[in-house]
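Biologist: I'm new to this one, so please skip the grand tour. Take me closely through how the pieces fit together, and spell out any jargon as you go.

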Amino acid sequence: MAPPPLDQEEEMLVPNSDLVEGPQPMEMGQPETARTEEGPRLDEPQAFRFVWTIENFSRLSTKKHYSEVFMAGGYKWRVLIFPRGNNVSYLSMYLDVADSAILPYGWRRYALFSLAVVNQFHANLTMRKETQHQFNARESDWGFTSFMPLNELYDPSGGFVVNDTCIIEADVAVREYIDYWAYDSKKETGYVGLKNQGATCYMNSLLQTLYHIPYFRKAVYHMPTTENDLPSGSIPLALQSLFYKLQYNDTSVATKGLTKSFGWDTYDSFMQHDVQELNRVLSEKLEDKMKGTVVEGTIQKLFEGHHMNYIECINVDFKSTRKESFYDLQLDVKGCRDIYASFDKYVDVERLEGDNKYHAEQHGLQDAKKGVLFIDFPPVLQLQLKRFEYDFMRDTMVKINDRYEFPLQLDLDRDNRKYLSPEADRSIRNLYTLHSVLVHSGGVHGGHYYAFIRPTLSDQWFKFDDERVTKEDMKRALEEQYGGEEEFVQANPALNTTPFKFTKYSNAYMLVYIRESDKEKIICNVDEKDIAEHLRIRLKKEQEEKEDKRRYKAEAHLYTIIKIARDEDLMQQIGRDIYFDLVDHERVRSFRIQKQVPFNHFKEEVAKEFGIPVQFQRFWIWAKRQNHTYRPNRPLAPQEEAQSVGQLREVSNKMNNAELKLFLEVELVSDGSPIPPPDKTKEDILVFFKLYEPEKEQIRYVGRLFVKISGKPIDILAKLNKMAGFSLDEEIELYEEVKYEPQIMCERLDKKATFKFSQFPYLQIEDGDIICFQKSALLDSEEKYRYPDVPSFLDYLHNRQMVHFRSLERPKEDDFCLELSKRHTYDDVVEKVACQLGVDDPSKIRLTPHNCYSHQPKPHPIKYRGADHLLDMLVNYNQTSDILYYEVLEIPLPELQCLKTLKVAFHHATKDEVAIHYVRLPRQSTVGDVLNELKLKVVLSHPDAELRLLEIFCHKIYKIFPLSEKIDNINDQYWTLLAEEIPEEENNRGPHDRLIHVYHFTKEVGQNQMQLQHFGDPFFLVIHEGETLAEVKARIQRKLQVPDEEFTKWRFACISMGRPEYLQDSDIVPDYFQKRDIYGGWEQYLGLEHSDTAPRRVYSVNQNRPMFEKAVRIYN
């Protein structure tokens, strides 16, 4: 488990953690950790309902609020809520293991549970959500960060908080947990699973389904690839490799190679997509890749069918038809009990008559029949079940968990071939057998995918759930995936409590059927001869390398890794790869030596490798100092070299890892031949030297010397000049490189003080120390060089930072890079960005930091001088980014921060049009100031017209803002702000006139109850004493300019607490509206019931995609 809440605040089944922008448990596992099937088995679930009544709910002052502890299944639980949201604008609610802090190590328990906020007006409107989870020490609470919007919770007319009291219910059923860690899929089933990269279960289930269609697998093997192709850039090769490993591996297979070939990065792998959409995109991509090859047309042969759309006139001889192809069929689940009902609905005939007549060529408007009939079905029929749909009432996607049956054998020739067009080929028998069932477990905001497949169409089913494959019976693969509800028996019947039901949110989402007459051809034999030789060689080599790595890892405890650094490594690395310390041990020669080998024998191997005879070798042990530098510490003693490699590592390495790091000292004479190392006494110190050249801004390693501890730097100046290639009498300055973290410490040495007694105790020279030197003359040229001395150069290197700048409008593309310093102030950074962009005023630059986990801009930009230094802008919790996003503002950022921008919709008084205006004013401005500013932007019906500002939510008026209200308190993120002229009749209304709310609505049946769905623009209406509905209707028709033909279909109702009471033309309207407080008018209003003919908002192509899933793209 690992997810930041992404920019979209979607409901996630997550452990509670105060949400921040760093990695969250939701991201990697999401609800996928809540396994539905293979974890616990149902024996005797312990069931309990806990009711929690919270009084003074709006006065809760703590961020978290816990219930009292209750028992369920023999365990202690409690409910945790965030009354103001867990950093989201939703009520957050979780089930918590109450005594998790004192439970023994390794505890776990598995529970199915639902959490609910009771609707105290209408119990059937109670907001309830269900899930299941394996609780443990790491995830001791689980639930819903976005349980329900806060504005709905606190809406006084909503019924969730009544008299400042909120009632919460928790239903908990505990199940027994079964451990599957030691399970071997290949041994138990003969098949292997696919590894989950984080949120790729949807892809795994689809890939297993496609792999187990042998005809498809064989076609993939026969796609042309070459030995020079790279899997990361070739989808055919990556898919061939994946299928080969599924066929021949003994353990689960990784999918990273395939997703890399898609052009996906890590972020894509942690973003759950829709399996149906991936199926279409992958099929289209493979179809394109197969063109011009021996397998061209395979996708069409397997999956393509055709249907005919027709419109046939009833009274004249005219018929219009259009043939279309399909690779899969989307079938309705809602309102259908089984597949046949869905097919009946698919081919259902629609009558075009009345206002909806069909315009036939040369015949004008005609009564007609409209429908769809199938011309042919494909050999492999893929049926996508529409488990997800858009709920207009709730303005969100919802999952349909209704029971929906599907047969083992599907007969599409039933009832005299009623699904087929007359011209369909009657010689083909459209009898299908079920091959696979893809399941979605979870809700609209998160879930997990797996598949039930019978690869050979035998009676044995297998469940493919990421890495694990298990044998399953037919009942589990079919009936248990129908959906619907499951009832749990109470643990203690003596309590005589009402059994409660859980919605089975694990249900079939996609079905694959194979036609009986084609199954011999499709379920064919696929063996090695179908696989290209270069692919077999490549994959067998990969397998051998993998086996070698496994063996290497398994035998690691028998070996020691010895890493040998030499002068040549220091020469090569310092000034190029590294600048501080001496060497990167990951880039030096390493040896893998058995632990029992004597070190003296190892020296012989070194002699062969480097050409240095054993008698000329001296090895030094590295040590990590307290200041976190890593230096050669002392030479190995003869008695140590007589030990085994393993013993030596244990003595030298307190980190207890498998590596032994050594420095090989080799002394060379002028002709380059080695000589024995000099004797080392306690008076001798090994010192390493670096040369800095300010004119080149370059530092490099020049050698090492033994110096006497009682000696002075002045004694070795000639030797250093010779090392550097300077004249022997060149004046040089010396600095000791003391440390580099957290800050650079590089101090000038007194050339006349001894190495042992420096002016500073910490500058006493010892073995392994580093001295940097440079020409003294260059110190006098400070204006000439950016970094005239060693300390300034090292400080520059330490704080140097390359930053990639991206436009906030194009967050995926680098615009330019700048070399900056981590110590640069906010002003320094924006000044350099402004210079790069050619912007005169740096204060018009606004920067936004990068989220290292989501790879997106953070939601909030950096305020003016809101970060002290560049480093503060780049650090994202425990990671440092090198990306910043920029904007160029119209006005300086300090001015903008003192302003507030409101998005206001202006409804014209006489025209049926709404215009959006952005009003930007100082934060201390009032609503009156907003309206005055708006008057300068809009055309009024007359110069003296007065405006008002309304708060609209869900097409209802919730508030009229007082002119004196401060705009800083107004939130236009969730509510619509609507400005309109105040009609004269309102200003001139009499003492007995009333002002009422008027809303448009339609009725919709959902969840076995009638619901009102509001739409359109709400408005106020003055009603006069004794005025009948007929008179009110006439005024409304004139106001809305509705044609007579349409207006006669409208119905009018007085709606109170969500219940309509329909009015007759003779009814006296004021009698139904006794309240005089119009500002609470959402509780009672005049409803106009009619169809919504306004254009709908455009949704994504795939209406069946859960809202947490993103569009699938394959880039290569």
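Modeller: Let's begin with an open sheet of 4 strands in the order E13-E12-E18-E15, with antiparallel pairing. The names come from DSSP runs numbered from the N terminus: helices are H or I runs of at least four residues, and strands are E runs of at least two. Two strands count as paired if DSSP finds at least two bridges between them. At the edges sit E13 (319–326) and E15 (350–352), and each of these pairs on one side only. From one strand to the next, the twist averages 25 degrees. For directions like this, axes are lines fitted to C-alpha atoms (for helices, over the stretch in contact), and angles between N-to-C directions run from 0 to 180 degrees.

Look at the E15 edge for a moment. E15 is joined by 3 bridges to E18 (residues 368–376), and the two run antiparallel. One pairing to find by eye is Leu352, whose bridge partner in E18 is Ala368.

Before we go on, some ground rules. You're looking at a predicted model, where local features need pLDDT of at least 70 and side-chain atom pairs count only at pLDDT 80 or more, while totals for chains, interfaces and linings use all residues. Residues are numbered from 1 along each chain as its sequence is written, and side-chain values use heavy atoms, with hydrogens and water left out.

Now for the part I'd really zoom in on: helix H6 (residues 235–248) and its packing against H15 (residues 533–554), H4 (residues 201–211) and H5 (residues 214–221). Two packed helices are described by the angle between their axes and the distance between the axes.

Take H4 first. H4 and H6 pack at about 75 degrees, with axes 11 Å apart. That makes H4 roughly perpendicular to H6. (The cut-offs: under 35 degrees is roughly parallel, over 145 roughly antiparallel, 65 to 115 roughly perpendicular, and the rest oblique.) On the H4 side you have Leu207, Gln208, Leu210 and Tyr211, meeting Leu239, Leu242, Phe243, Leu246 and Gln247 of H6. Contact here means heavy atoms within 4.5 Å. Sorted by class, that H4 contact has 7 nonpolar residues, 2 polar and no charged. Nonpolar covers Ala, Val, Leu, Ile, Met, Phe, Trp, Tyr, Cys and Pro; charged covers Asp, Glu, Lys and Arg; the others, Gly among them, are polar.

Next is H5. Its axis and that of H6 come within 9 Å and cross at roughly 130 degrees, which makes H5 oblique to H6. The crossing is left-handed, meaning that the near helix is turned anticlockwise from the far one by less than a right angle; clockwise would be right-handed. Phe216, Arg217, Val220 and Tyr221 of H5 meet Leu239, Gln240, Phe243, Tyr244 and Gln247 of H6. That gives 6 nonpolar, 2 polar and 1 charged residue in the contact of H5 with H6.

Then comes H15, which packs with H6 at about 60 degrees, with the axes 11 Å apart. H6 and H15 are therefore oblique to each other, and their crossing is right-handed. Here H6 uses Leu237, Gln240, Ser241, Tyr244 and Lys245, while H15 brings Leu535, Arg536, Arg538, Leu539, Lys540 and Glu542. The tally for H6 with H15 is 4 nonpolar, 2 polar and 5 charged.

Further along there's another open sheet, this one with 5 strands in the order E43-E42-E48-E44-E45 and mixed pairing. Its edge strands are E43 (816–821) and E45 (856–857), each pairing on one side only. E42 (residues 800–807) and E48 (residues 883–888) pair in the parallel sense over 4 bridges, and Phe805 has Leu884 as its bridge partner in E48. Helix H21 (residues 790–799) packs on this sheet, touching E42 and E43, with its direction at about 35 degrees to that of E42. Helix H22 (residues 826–837) packs on it too, touching E42, E43, E44 (845–851) and E48, and makes about 150 degrees with the direction of E43.

One loop detail: the peptide bond from Glu741 to Pro742 is cis, with omega near 0 degrees. Pro742 lies in the loop between E39 (732–739) and E40 (745–748).

Finally, how confident is the predictor? The chain averages a pLDDT of 83, and 86% of the residues score at least 70, on a confidence scale from 0 to 100 for each residue. Residues 1–14 stay under 50, and so do residues 1095–1111. Where pLDDT is low, the predicted coordinates should not be read in detail.

Conventions: pLDDT is the predictor's confidence in each residue, from 0 to 100.
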